[in-house]
Amino acid sequence: MSQAAATPEKPATPANDGPNPNSKSAAKKEAKRLEKEAKLAAKTAKIAASTPAGEKKAKAEKKKEEEEAPFVNTTPKGEKKDLSLPMSNTGYNPIAVESAWYDWWEAQGFFRPQFTPSGDIKPEGLFVIPSPPPNVTGSLHIGHALTVAIQDTLTRWNRMLGKTTLFVPGFDHAGISTQSVVEKRLYKSTGKTRHDLGREEFLKTVWDWKNDYQTRITKQLHRLGGSYDWTRVAFTMDERLSKAVIETFCRLHEDGILYRANRLVNWCVRLNTTLSNLEVDQKQLEGRTLLSVPGYDPKEKFEFGVITSFAYPIENSDEKIIVATTRPETMLGDTAIAVHPNDPRYTHLHGKFAKHPFLDRRIPIITDDIIVDMEFGTGAVKITPAHDPNDYEVGVRHKLEFINILNDDGTFNANAGEKFKGMKRFHARIAVVKALQDAGLYIETKDNPMQIPLCSKSGDIIEPVLKPQWWVNCKPLAEEALKRTKAGELLVQPKSSENEWYRWLEGIQDWCVSRQLWWGHRCPAYFVKIEGVEQDNTDGKYWVVGRTLEEATERAKKLAGDAQFTLEQDHDVLDTWFSSGLWPFSIMGWPDKTPDFEKFYPSSILETGWDIIFFWVARMVLLGIHLTGQMPFKEVYCHAMIRDAHGRKMSKSLGNVIDPIDVIQGLDLESLHQKLYEGNLEDKEITKAKAGQKKDFPKGIPQCGTDALRFALCAYSGGGRDINLEILRVEGYRKFCNKIFNATKFAMLKLDETFVPEPYAKPTGKESLAERWILHKLNIAAEEINKQLTDRNFMAATGAAYNFWLYELCDVYIEAMKPMTDESASPEKRLSAQQTLYTCLDYGLRLLHPFMPFVTEELWQRLPRRPNDSTPSIMVSSYPTFDESFVFKDAERDFDLVFSAIKTGRSLAASYNLQTDIQLFIRVQSDVEEELFQSQASTIVALTKACKSAKVVRELADIPHGCGSALLSHTIVVYLLVEGLVDLDAEIAKCDKKLHLAQLNLDKIKKIEAQADYEETVPENARLANGDKRRTLEADIENLNTSKGMFAKLK
């Protein structure tokens, strides 16, 4: 953009801290600046004076006309868009193109499954896909957009193949995540905790949050074009699905699969709840590391990655026994010291006791050949059964005392002793080491490479603690799942995910399903408190389950006999994945035998990210088989994880989490910054996130549109585990949409008002070579896209669609048909070219539709319909498949040869930098070649920019002097007239260089062919290839000598 500069009326006032304006150097610089500005002003004035006022005004008005006003959707909700106005002059506008269509599709019922007149599944087949329910914790991110893009592509494709299709939407209550985010927001906005509100009032707040974010997410899913059947939308805590949860809990308990036990669990102090093993991340430390811990002062760091050795005094002796631990504070819960039975160093201590230095506790010295490795450390191991998984097993084996020293809030209880009671766990760690030092029992602390368990939700350090919980015995369920998968009932893709599937199921552990939350499905379990009986509520025998309170009461009566009792319902809720594990059948109405369950279960495919294959997919399979007797789906496809352009995981604190709506409609940098304040980030995290946004999106996020976003995400999906998303690539596909839009607009000009498509898209046999070629390429594209979608290779499928539209239809056929449709062409030739163009547009848009639903609908609706075709929407039209009548292999071969000549001519023109009056000559050696190129001369001219003519000759004498040339094959040479336009000496030098290289390669081939045993030792296919190379090189040398001679004669 140029800007007119004017000399200022007076110099600007210098800043107080700037250089001295009276210095010589400053005066010199100022003079130069003023001189430069004066020259620019004079130049600007001269240009302005030479331009007539009327012309300036006309240009300004034209520019104003071209700049369209911001689009406003005036289509009433649910009605079809009015396309009677001409297509936009300013090109593709995704906001305008994507408006109104979704509401119309939904209002027309296109998203609902279609049946035969008798109400049965259509003969073409059934395709059912349950959408993974997004959490109501917040808005969707770009990873959800990938899920929608892949799933909706499959759904739309199958719908267009004529199948009865169902894509079920839904939402997950996400117990821990939602409660956590609402608690944070509550505290940030009001300073209150959930305990301040109470359970009932807090749950009302969570329901309000759920309703708000479910509405937001629904709008996002609409914008992303997901063709969900919204009449079947589900939520994991609605009445229907809650009934399924209660039924599952009761049935598993009745079948002996679900049980209650007081066992070690993963306890998150920050969230105050139990976690499953899958919700715990392992952080690797290579040695001493200082870390902050949630719930403590951020400036306070604690030591990890070290092992501390200390001594226990032996009772009634001066002897000590040395043990080591990475968690010194747990010594307050020690109830044994284990040594190996065969270790001679400790034989004399078998059966004796050590004294606890801080508590009135005798610690037995036991022998155990499982936990103890004589070669490691001192060969003596401290045992804390209530706070370590391995020690727990030792405690069970030796019937040790289990002493819990930790309160739920992470402080130590009375079992830790008066000195440490009430201390926070990591303060207690420091205090214990200090007390050991004071007692003379501390030995050393040294680096120790190790892993520490972290809560995947809060980042807090997990504590193993004893809790009475509900558990699912997964082993018998996993055995059945493995057997059925190996029998071929389930296909897991890609292969890497299948390998993980088997490995995890084979090593499966029991699943703790209790969570100490308020938000979720409350366990339908009741403790039967019997009057006059001493009971332990950790003992499962005093618990009953019930689908209703009445059923639980009846079971309690049998348990209590004639005694009086009261029922106390478990306060815990169930793990979110417990209800999610029922998703494929609970959304169909199970446990009731509903029509949907009978027709649509099991699903065809479950598509999700590989990172939740164990969290979710495996549990659906385990529960689905046990509860319904069937695999819940026939196939699992695991898509990649989206990372940013630098390969980093998406994180709010990094500022690289992308809202798909921002990519669709664009967002400036300042607005991106402002969105950070909508979450629960702390100020320092917001500052860090802003810096990340500024680095990655210095100009904000460009407007790309839904179609470009969906296409890009599918194009990234080729079976890998990670996608490094670059917004520039998405923007590139917006340009592809623009190309499709403008190409269709141009093509529509070729289909005048009198044009009527043929009733059927079948070739007549009178098509030109270019027509047969493009129909053949269309057929190849259709076959390839269907194959790749079947194989779930979305990268290859989008590649085939992209190549057809860009490189074959737009770049070749639409240009090649221009001479076929100009005034000099016969009506028959013109009509044939139009019919072929129409078929390519119609089928080409259909091929793209599953990936790009909006722009394809917009453009397809503008095309005329074939007679008797009343198809209302592209989304319910037939998807193109391989058609034998579109196979023209000879035409493909011939036109590919012609196009090679065109590319050779273009390359020659580019090498000589010729951009006008290009004259090509094509020398051939056979009648077939001559006839082919003569018939395509007009096509060669049309497809070669600035080409004036293209002549076909047989003799070298017919080539004018002063031509540059390039060999197409050993029988075809392309010439370009360059006389008077090039440096002859430079061209002769180029020929010499090429001749030298060609001669070297020819000598190599001849040397190989001259070997004595060449015919006997070299395979026939290699000999034939060498022969072709030799003939081509000989022709190239002959052609280069000819060109060199031509250039020499011109000197």
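Student: How many bridges join strand E5 (residues 258–268) to strand E18 (residues 463–472)?
Tutor: Strands are DSSP runs of E, at least two residues long; helices are runs of H or I, at least four, and numbering starts at the N terminus. Two strands pair if DSSP finds at least two bridges between them. E5 and E18 run antiparallel, and the bridges joining them number 10.

Student: What kind of model is this?
Tutor: Residues are numbered from 1 along each chain as its sequence is written, and side-chain values use heavy atoms, with hydrogens and water left out. Local features need pLDDT of at least 70, side-chain atom pairs count only at pLDDT 80 or more, and totals for chains, interfaces and linings use all residues; the model is predicted.

Student: Which strands stand at the edges of the open sheet that contains E5 and E18?
Tutor: The sheet has 4 strands in the order E6-E5-E18-E20, paired antiparallel. Two of these strands have a single partner each, so one side of each lacks a neighbour in the sheet. The edge strands are E6 (273–275) and E20 (511–512).

Student: In E18, which residue is the bridge partner of Leu 258?
Tutor: Strands of a sheet pair through backbone hydrogen bonds, either parallel or antiparallel. Here E5 and E18 run antiparallel. The partner of Leu 258 is Val 472.

Student: Is Asn 272 buried, partly exposed or exposed?
Tutor: Asn 272 sits in the loop between E5 and E6, with a positive phi near 60°. Buried means under 20% relative accessible area, exposed over 50%, and partly exposed in between (1.4 Å probe, protein chains only). The relative accessible area of Asn 272 is 26%, so Asn 272 is partly exposed.

Student: Which side chains of strand E11 (residues 320–325) are buried?
Tutor: In a regular strand the side chains alternate between the two faces of the sheet. In E11, Lys 320, Ile 322 and Ala 324 point to one face and are not buried. On the other face, the buried ones are Ile 321, Val 323 and Thr 325.

Student: Which residue in the turn between E10 and E11 has a positive phi?
Tutor: Strand E10 (residues 306–313) pairs with E11 in the antiparallel sense over 6 bridges. One partnership sets Ala 311 against Ile 322. The hairpin has 6 residues between the strands, and the one with positive phi, about 55°, is Asn 316.

Student: Which strand pairs with E12 (residues 336–339) in the parallel sense?
Tutor: E12 is joined to E15 (residues 380–383) by 4 bridges, antiparallel, with Ala 338 opposite Val 381. On the parallel side there are 3 bridges, and Val 339 stands opposite Thr 367. That parallel partner is E14.

Student: How many residues of helix H18 (residues 613–628) are buried?
Tutor: H18 is mostly covered. Just after H18, Gly 629 takes a positive phi of about 80°. Of the 16 residues of H18, the buried ones number 15.

Student: How much space lies in the largest cavity?
Tutor: On a 1 Å grid over the protein atoms alone, a cavity is a set of points where a 1.4 Å probe fits but cannot get out; lining residues have an atom within 4 Å of a point. Points are joined across faces, edges and corners, and a volume is the space filled by probe spheres set on them. The whole structure has 1 cavity of 30 Å³ or more. The largest holds about 60 Å³.

Student: How many charged residues are in the lining of the largest cavity?
Tutor: Ala, Val, Leu, Ile, Met, Phe, Trp, Tyr, Cys and Pro count as nonpolar, Asp, Glu, Lys and Arg as charged, and the others, Gly among them, as polar. The lining includes Arg 327, Glu 329, His 387, Phe 412 and Glu 463. By class it has 3 nonpolar and 2 polar residues, and the charged ones number 4.

Student: Which residue is joined to Pro 602 by a cis peptide bond?
Tutor: Pro 602 lies in the loop between helix H17 (595–600) and strand E26 (606–609). Omega of the bond is near 5°. The residue before Pro 602 is Tyr 601.

Student: Which residues does Thr 218 touch, leaving out those up to four places away in sequence?
Tutor: Thr 218 lies in helix H8 (residues 199–223) and is buried, at 19% relative accessible area. Contact means heavy atoms within 4.5 Å. By that test Thr 218 touches Phe 171 and Trp 230.

Key:
1 Å grid on protein atoms, 1.4 Å probe; cavity = no way out; pocket = protein on both sides within 12 Å on 5 of 7 lines; lining within 4 Å.
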